[in-house]
Amino acid sequence: MIELTSKQRKSLEKQAHDLSPVVIIGQQGVTENLVKMVADSLKAHELIKVKFNEYKDDKREYSEDIANRTDSNLVRVIGNVAIFYRQNEDPEKRRISLK
């Protein structure tokens, strides 16, 4: 996990603006399968949104837990949506630019 500057976070927020949530947290909460889905989505897209349909009061804790378990950065929690970023290990496959 890399340390993001505030400028990089802002840039990632702008890039995530038009994205739709790819993972939705429902009644089951944060399960191993959900964490695997987030990790797989990050591997494919680098920058994703996760929506909280349930556990809205605990979204900050759950988001930090997901970030730790997927070795990703929690960019920001806006409303009931969390934005995660994990840079692709292969420089040729990177889609998201950190400015």
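**Exercise 1. Classify the exposure of Tyr62 and describe the aromatic pair to which this residue belongs.**

Solution. In this predicted model, Tyr62 has a relative accessible area of 24% and is therefore partly exposed, given that buried means under 20% and exposed over 50%. For Tyr55 the relative accessible area is 33%, so this residue is partly exposed as well. The next step is the ring geometry: a pair of aromatic rings is described by the distance of the centres and the angle of the planes. For Tyr55 and Tyr62 the distance is 5.4 Å centre to centre and the angle between the planes is 85°; because planes over 60 degrees apart count as edge-to-face, the pair is assigned to that class. A search of the whole structure finds 1 aromatic pair.

**Exercise 2. Determine which residues touch the most other members of the largest nonpolar core, and which elements give two or more residues to this core.**

Solution. The largest nonpolar core holds 16 residues, and those touching the most other members are Ile25, Leu34, Val38, Val50, Ile66 and Phe84. Mapped onto secondary structure, the elements that give two or more residues are the helices α2 (32–45) and α3 (59–70), together with the strands β1 (23–25), β2 (47–52), β3 (73–78) and β4 (81–85). The largest share, 4 residues, comes from α2. Taking Ile66 as a worked case, and leaving aside residues up to four places away in sequence, one finds contacts with Ile25, Val30, Leu34, Val38, Ser72 and Phe84. A second, separate core of 8 residues includes Leu4, Leu47, Ile83 and Ile96.

**Exercise 3. List the buried residues of helix α1 and name elements that cover them.**

Solution. Helix α1 spans residues 6–16, and its buried residues are Gln8, Ser11, Leu12, Glu13 and Ala16. Among the elements that cover these buried residues are β2, β3 and β4.

**Exercise 4. Characterise the largest pocket by volume and lining, and then examine Asn88, one of its lining residues.**

Solution. The largest pocket contains about 230 Å³ of space. Its lining consists of Met1, Ile2, Leu42, Lys43, Asp71, Asn73, Arg86, Gln87, Asn88, Glu89 and Arg94, which divide by class into 5 charged, 3 polar and 3 nonpolar residues. Asn88 lies in the segment after β4, and because its relative accessible area is 17%, this residue is buried. With residues up to four places away in sequence not counted, Asn88 touches Lys43, Glu46, Lys93 and Arg94; of these contacts, Lys43 and Arg94 also appear in the pocket lining.

Note on methods
Residues are numbered from 1 along each chain as its sequence is written. This is a predicted model: local features need pLDDT of at least 70, side-chain atom pairs count only at pLDDT 80 or more; totals for chains, interfaces and linings use all residues. Side-chain values use heavy atoms; hydrogens and water are left out. On a 1 Å grid over the protein atoms alone, a cavity is a set of points where a 1.4 Å probe fits but cannot get out, and a pocket is an open set with protein on both sides within 12 Å along at least five of seven lines; lining residues have an atom within 4 Å of a point. Grid points are joined across faces, edges and corners, and a volume is the space filled by probe spheres set on the points. Ala, Val, Leu, Ile, Met, Phe, Trp, Tyr, Cys and Pro count as nonpolar, Asp, Glu, Lys and Arg as charged, and the others, Gly among them, as polar. A nonpolar core is a set of buried Ala, Val, Leu, Ile, Met, Phe, Trp, Tyr and Cys residues joined through side-chain atoms within 4.5 Å. Buried means under 20% relative accessible area, exposed over 50%, partly exposed in between (1.4 Å probe, protein chains only). Contact means heavy atoms within 4.5 Å. Rings of Phe, Tyr and Trp (its six-membered ring) pair if their centres lie within 6.5 Å; planes under 30 degrees apart count as stacked, over 60 as edge-to-face and the rest as tilted.
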